[in-house]
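Colleague: I should be grateful for a close look at the part of this protein that surrounds the ligand. Please place that part in the setting of the whole chain as well.

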Amino acid sequence: MDKIELNSLGLDELRSYMVSIGEKAFRGEQVFSFFNSRMGLNLDELQVLPLKLREDLKENVKVNEIRLLKRFDSKVDHTKKFLFLLEDNNIIESVLMEYSHGLTVCISTQVGCSMGCSFCASTKEGRIRNLTPSEMLNQIYFIEKNIGKSISNIVLMGSGEPLDNYDHTMKFLNIIHDTKGHNISYRNITLSTCGIVPRIYDLAKENIPITLSISLHSPFDDVRTEMMPIGKKYKIKDIIEGCKFYEKTTNRRLTFEYTLIEGVNDRKEDVDELRRILKGTNSHINLIPLNPIKEYKKDRPSLSSIERFQKQLTKYNIQVTIRKEKGMDISASCGQLRRDYLSNE
Ligand code: SAH
């Protein structure tokens with residue numbers, strides 16, 4: 001049987017674990033804050049625990065560690081990309097971005113992805129495996145240690161589909177938010193999904209007011225399904241219903257991501273249909289100019305077409321922003337770095 005990952009456990013689980021091995025519950029709290037507020041990794045450093053307990057833990061549980069493979073620093077802005085090596089030699093990537101409101105880390109939730117979106121580099125070899133909670137946490141803790149600063153915002157927009165790794169993602173959110181741990185407000189966390197409808201309802205009922213961001217990319221089911229195979233399973237109408245439920249339950253404004261692709265989803269009819277389907281939502285559209293990858297032979301529209309698209313939406317009173325590109329010189333788009341690295345090695 002696999003050993004328990006000590007740094008994937010929440011506070012209550014750690015308390016119960018300690019009690020289950022005949023220790024006092026407060027030992028669980030000590031371990032939790034060691035991992036999550038002091039960002040410890042090595043049980044040997046956990047000096048507050050008696051030596052005997054440390055030795056027992058070393059024998060019976062594991063502490064998951066990630067190692068840095070390579071850091072890429074953008075020369076055009078302060079974006080940094082991190083390629084990490086996991087214990088089973090899988091590779092994942094995370095991105096650190098600087099905004100006026102603080103530092104944001106974009107983390108991966110899976111190694112690869114099984115969603116198959118045609119324009120996305122993360123999914124080209126399918127999903128290799130889910131990340132554990134500690135592997136998500138460690139991306140953040142490692143980066144903070146590496147740069148010597150605290151981050152304020154987290155986006156689950158790296159490789160993987162977070163709602164396809166639901167339980168680990170929920171555990172991660174619970175741990176990173178814990179006041180005895182890293183104490184990151186749910187409002188500073190955004191989860192991006194391709195739209196797995198039943199999980200949107202589950203997420204709404206978790207009572208955690210994170211920002212939900214939906215990768216919409218087209219208001220028409222046939223066009224969207226061409227780009228995103230998940231569209232065969234979940235129709236736009238049902239996604240929007242789920243979003244409305246999310247909005248009502250959590251009182252949070254929604255975001256729709258919209259990757260602009262020339263001639264595919266940048267037409268006037270797209271604007272009109274977007275207006276129709278988003279009616280009655282309190283939402284915001286984030287336009288992302290396509291980052292071309294070699295497997296997808298399409299382009300982003302010209303800057304003037306992107307701005308025209310934005311203006312047309314604004315005219316309909318839809319709030320819309322164009323995503324500012326970060327780290328263009330270090331292939332900062334979803335899964336590109338890992339893929340480049342693997343194909344070069
Ligand atoms: N699985 C989640 C997170 C994916 S990445 C989701 O589907 O939302 C975050 C965003 O980047 C998604 O909206 C995704 O569709 C988009 N994206 C992926 N590859 C891209 C590319 N090459 N150009 C522009 N946007 C891309």
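Modeller: What follows describes the ligand shell, then the chain around it, and then several individual residues.

The model is predicted. The shell around the ligand consists of 18 residues, and those that come nearest are Phe119, Ser192, Ser215, His217 and Asn291. By character, the residues of this shell divide into 7 nonpolar, 9 polar and 2 charged. Two strands each supply at least two residues of the shell, namely strand S10 (189–193) and strand S12 (254–260).

Several polar atoms of the protein lie beside polar atoms of the ligand. Serine 192 places a polar side-chain atom 2.6 Å from an oxygen atom of the ligand. Glutamate 161 has an N or O atom in its side chain 3.0 Å from a nitrogen atom of the ligand. With asparagine 291 the backbone is involved: one of its polar backbone atoms is 2.9 Å from a nitrogen atom of the ligand. The ligand taken alone exposes 530 Å², and 95% of that is buried by the protein.

Histidine 217, one of the residues that come nearest to the ligand, deserves separate attention. It is found in the loop between strand S11 (211–215) and helix H7 (221–227). Its phi is near 65°, a positive value in a residue other than glycine. Histidine 217 counts as buried because its relative accessibility is 4%, under the 20% limit.

Glutamate 161 also leads to a neighbouring region, since it appears among the contacts of threonine 109. Threonine 109 sits in the loop between strand S6 (102–106) and strand S7 (110–112). With a relative accessible area of 1%, threonine 109 is buried. Leaving aside neighbours within four places in sequence, threonine 109 is in contact with residues including Asn130, Leu131, Met136, Leu156, Ser159, Gly160, Glu161 and Pro162. Asn165 and Thr169 are also among its contacts.

Strand S7 brings in helix H11 as well. The buried residues of H11 pack against S7, and also against strand S3 (67–73), strand S4 (80–85), strand S5 (91–99) and strand S8 (127–130). Helix H11 covers residues 336–344, and Gln336, Leu337, Arg338, Arg339 and Tyr341 are buried in it.

The wider setting can now be given. The protein chain has 11 helices and 14 strands. Its C-alpha trace spans about 70 × 45 × 40 Å along the principal axes. The radius of gyration of the chain is 21 Å, which agrees with the value near 20 Å for a compact globule of 345 residues. Of these 345 residues, 55% count as buried. Contacts between residues 24 or more positions apart make up 65% of the contacts in the chain with a separation of 6 or more. The accessible surface comes to about 15800 Å², and carbon and sulfur atoms account for 48% of it.

Three further residues complete the account. Asparagine 153 lies in strand S9 (residues 153–156). It is buried because its relative accessible area is 15%, under the 20% limit. The side chain of asparagine 153 makes a polar contact of 2.9 Å with the side chain of serine 152. Apart from its neighbours within four places in sequence, asparagine 153 is in contact with His101, Leu103, Thr104, Val105 and Asn188.

Methionine 39 is found in the loop between helix H2 (26–36) and helix H3 (51–60). Its phi is near 55°, again a positive value in a residue other than glycine. Methionine 39 is buried, with a relative accessible area of 16%.

Lysine 58 lies in helix H3. Lysine 58 counts as partly exposed, because its relative accessibility of 35% falls between the 20% and 50% limits. The side chains of lysine 58 and aspartate 44 are joined by a polar contact of 2.5 Å. Not counting residues up to four places away in sequence, lysine 58 touches Lys3, Leu43 and Asp44. The C-alpha atoms of lysine 58 and asparagine 42 are separated by 9.7 Å, and these two residues are 16 residues apart along the chain.

Conventions:
Residues numbered from 1 in each chain as written. Predicted model: local features only at pLDDT ≥ 70, side-chain atom pairs only at ≥ 80, totals over all residues. Heavy atoms only, no water. Near = heavy atom within 4 Å. Polar contact = N/O pair within 3.5 Å; in protein donor to acceptor, adjacent residues only side chain to side chain. Areas by Shrake-Rupley, 256 points an atom, 1.4 Å probe, with all protein chains shown as cover. Helix = DSSP H or I, 4+ residues; strand = E, 2+ residues; numbered from the N terminus. Nonpolar A, V, L, I, M, F, W, Y, C, P; charged D, E, K, R; others polar. Rg over C-alpha atoms; globule rule 2.2 N^0.38 Å. Buried < 20%, exposed > 50% of the residue type's maximum accessible area, 1.4 Å probe, protein only. Contact = heavy atoms within 4.5 Å.
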